[in-house]
Amino acid sequence: MLAPLTLALLFFGTSQQLCVVVSLIVAGLLYEWHRFRPPLVRVDLALSICLGWLLVISHCMGRADWLPALLTGGLAIFLGVATWRFSPENRVLDRTGFLVFGQIYCTMPLVLFLQIHAMPHGPSLLGMLLLIVWGTDIGAYFAGRAFGKKKLAPQLSPGKTWAGFYGGLAFGTLAGWLAATLLLATYKPWHILLLGLILSLVGQWGDLAESMVKRESNVKDSGSLIPGHGGLLDRLDSLLLATPVLNLCLFGVDLIGN
């Protein structure tokens, strides 16, 4: 149900509607990230969400030039708060570093998502990205169940297998090729296949990276917002790494093209 709604928003929604949805998602992601390091400090969470919203809103207002100043200014505030709390008995750098990393990890990929949406063919590019990510998840699930024996990364995610990895790679690449054939006919087929392969690979890497954070935090799911599917971070972990890589690939194509 969420997939058709997401695609409908991408292709038929207004930029303002997309910004509102992205702002809510950013708040949810940051809330789950802060819960990884208990106790939940409401002041830290409020600062973090306000900074995340400022980053999203500045892009939506067409002021992407504000992003570096807002991001570095916000991170300086985090450092200032940590300095104020420090004492020999209260070491703060580990927690502060974790929160600062989470701020970038949970916010900037979604700002880049909005940036891609505003590009020519942006909705089609994002539609292709989502189909690659979803195709990778589906392929990994069924290939893992049918053929999975050898574990991929047992210390991070005991359920993942090499068969699932290869199945996800094949399915994700195929989904990307099909999506691009329907939506992005101007791209060369081998470019799309290569892009699909890269994004599927990075998406699975993002999944493992989030598993690492959960293992270190001793939690099974990032949240319980989506019954049976965990939290927002559990559902968007692949996208949080694949979106910046798609952005880099588009920059690369632009540079080569020029």
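In the predicted model, the largest nonpolar core comprises 55 residues, of which Leu29, Trp33, Met128, Leu129, Leu199 and Leu233 touch the most other members. When neighbours within four places in sequence are left aside, Leu129 is in contact with Leu199, Leu239, Ala242, Thr243 and Leu246. Another core, made up of five residues that include Leu152, Phe165, Leu169 and Leu208, lies apart from the largest one.

Two of the core residues named above, Leu29 and Trp33, belong to the buried residues of helix α2, where Leu18, Cys19, Val22, Ser23, Val26, Ala27, Gly28, Leu30, Glu32 and His34 are buried as well. Helix α2 covers residues 15–35, and its 21 residues should span 30 Å at 1.5 Å a residue, which agrees with the 30 Å that separates its end C-alpha atoms.

A charged residue is also found in the interior: Glu210, placed in helix α8 (residues 189–217), has a relative accessible area of 2% and is therefore buried. Residues up to four places away in sequence not being counted, Glu210 touches Tyr105, Ser222, Leu233, Asp234 and Asp237, and of these Leu233 is one of the residues that touch the most other members of the largest nonpolar core.

On the surface, Phe11, Phe12, Leu182 and Leu183 make a nonpolar patch of about 470 Å², to which α1 (2–12) and α7 (162–183) each supply at least two residues. Leu182, which lies in helix α7, counts as exposed because its relative accessibility is 74%, above the 50% cut-off for exposed residues.

Conventions: Residues are numbered from 1 along each chain as its sequence is written. This is a predicted model: local features need pLDDT of at least 70, side-chain atom pairs count only at pLDDT 80 or more; totals for chains, interfaces and linings use all residues. Side-chain values use heavy atoms; hydrogens and water are left out. Patches are made of residues with over 30% relative accessible area and no salt bridge: like charges are joined within 9 Å, nonpolar side chains (Val, Leu, Ile, Met, Phe, Trp, Tyr) within 5 Å. Accessible areas come from the Shrake-Rupley method with a 1.4 Å probe; for residues, only the protein chains shown count as cover. A salt bridge is a side-chain nitrogen of Lys or Arg within 4 Å of a carboxyl oxygen of Asp or Glu. Helices (H or I, at least four residues) and strands (E, at least two) are DSSP runs, numbered from the N terminus. Buried means under 20% relative accessible area, exposed over 50%, partly exposed in between (1.4 Å probe, protein chains only). A nonpolar core is a set of buried Ala, Val, Leu, Ile, Met, Phe, Trp, Tyr and Cys residues joined through side-chain atoms within 4.5 Å. Contact means heavy atoms within 4.5 Å. The expected span of a helix is 1.5 Å times one less than its number of residues.
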